[in-house]
Protein chains: 2
Amino acid sequence: MTINAQRKLYDLAGADPDRRFSPYCWRTRLALAHKDLPVETIPWRFTEKEAIARSGQHRVPVLLDGETVVWDSWTIATYLEDTYGDGRSLFGGAGGRSAIFFINNWADSVLLPGIARLIVVDVWAHLHDKDRAYFRETREKIFGMSLEQVCADRETSVEAFRMGLRPLQRMLAQQPFFGGSSANYGDYIVFGGFQWARCTSRFQLLAEGDPIAAWFERILDLFGGLARAAPSEWPV
Amino acid sequence: MTINAQRKLYDLAGADPDRRFSPYCWRTRLALAHKDLPVETIPWRFTEKEAIARSGQHRVPVLLDGETVVWDSWTIATYLEDTYGDGRSLFGGAGGRSAIFFINNWADSVLLPGIARLIVVDVWAHLHDKDRAYFRETREKIFGMSLEQVCADRETSVEAFRMGLRPLQRMLAQQPFFGGSSANYGDYIVFGGFQWARCTSRFQLLAEGDPIAAWFERILDLFGGLARAAPSEWPV
């Protein structure tokens, strides 16, 4: 394994530089911790496109690993697994990697859009002033309505969101992690979505007693409480 | 590996004993073929509870492997993987098994209920006379309406169903199978749902050009066209 003191991660931040809430960046932070790879995180805002221009695109996470520049959370995870193969496995083998890629796509196309509809107005409230107009304009174009309208009916629309969590709830009734008896990258993918909410919004995503809450706590505890230490909007 | 001429599978059938349409039984049939394990399938109808009573429950698939009785498609898959470990792996390792269990739960709680709402009236039409009243009564209780009402708006409700397929469509844009470069049990789980529709209904689940159709054809081709040979309602 290469020990690399030059490992840096551009990590989305709010007005408070310590408030890190990107669901994709959380995947990468936990993947690095899983591999026991130290990293310096650099707070980054949506409008700081120049800072990551060398990656050839304009979104985070962007990982600088020595001279190597890697972006996109999935690409970073596969890079870490292949480069640091003697560390603990993120996927648990070839079958894990390909199946977890489905989980990645489930999270990106079902879970995250579902959470966004419930918290996007609260995310906006945490942004740095220089990001607010950009974020509002791009997201309102996607939703076709104001951020306030997106979240206006969330007390009722949360019910449909919770129905979509059944695959996760059913899995957790039989095994404690996506990774089986211990967490792996499948867990970090899905955790990122809930951590995004925890770090930006007091809106209650889960019904009382949902087994997802206990699983989420187990991930918060990993790596010396790495994710738990992040500034949060949820009660401890 | 034990070669066992006494391997039998109770497999749901319609009025025509060759019409086998259970999504769960298809998972098991492809899992057995993947492991190169010959099996005699026994046509079974919903109301033939006595025939499988020795399994201690009343649903198929039920596998008789010599003296061993195994039921529930997931339990059968793990039994086959553990018992016939020198055959081709169904999961691709421990990480595959635990991640594919999420896929199993996604299929059971999202995909199959979504397909059921679109085809349940056509499934009923294929049943043996002795099963029809039982099936209608139990399913209408679940849906809270007649089977005809469940499917009445399917030309419009199919749009929401197709939205729920995005994780699968996105995955297939990057890799040809759940198993990566070749099929594994993750594929068979999801295939079973579409094969259930293919064997019972002419309703078009997928939009024209959906990449899922090409993936489905690839699974139909496996094992000498095992699943393609089944009596079907879809154009060849």
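In the predicted model, a polar contact of 3.1 Å joins the side chain of B:R19 to the side chain of B:E233. B:R19 lies in the loop that connects β1 (7-12) with α1 (23-34) of chain B. With a relative accessible area of 12%, B:R19 falls below the 20% cut-off and is therefore classed as buried. When neighbours within four places in sequence are set aside, the contacts of B:R19 include B:L12, B:A13 and B:G14. B:H126 and B:C199 are also in contact with B:R19, as are B:P231, B:S232 and the polar partner B:E233.

Burial was also examined for a helix of chain A. Helix α2 (residues 73-83) of chain A is largely enclosed by the rest of the structure, because 8 of its 11 residues are buried. The buried positions are A:S73, A:W74, A:I76, A:A77, A:T78, A:Y79, A:L80 and A:E81. These buried residues pack against three helices of chain A, namely α1 (23-34), α3 (94-126) and α8 (185-198), and against the strands β3 (62-65) and β4 (68-71) of the same chain.

The arrangement of the two chains was considered next. A turn of 180 degrees, with a shift of 0.0 Å along the axis, lays chain B on chain A with an RMSD of 0.0 Å. The two copies are thus related as by a two-fold rotation axis. Within chain B, the residue that comes closest to the rotation axis is B:G96, whose C-alpha lies at 1.8 Å. The copies meet through the same surface, because 100% of the interface residues of chain B are also interface residues in chain A.

Note on methods: Residues are numbered from 1 along each chain as its sequence is written. Chains are lettered from A and ligands numbered from 1 in the order in which they are written. This is a predicted model: local features need pLDDT of at least 70, side-chain atom pairs count only at pLDDT 80 or more; totals for chains, interfaces and linings use all residues. Side-chain values use heavy atoms; hydrogens and water are left out. Buried means under 20% relative accessible area, exposed over 50%, partly exposed in between (1.4 Å probe, protein chains only). Helices (H or I, at least four residues) and strands (E, at least two) are DSSP runs, numbered from the N terminus. Contact means heavy atoms within 4.5 Å. Copies are superposed by least squares on the C-alpha atoms of residues with pLDDT of at least 70 in both. A polar contact is a pair of N or O atoms within 3.5 Å; within protein, one must be able to donate a hydrogen and the other to accept it, and residues adjacent in sequence count only if both atoms are side-chain atoms.
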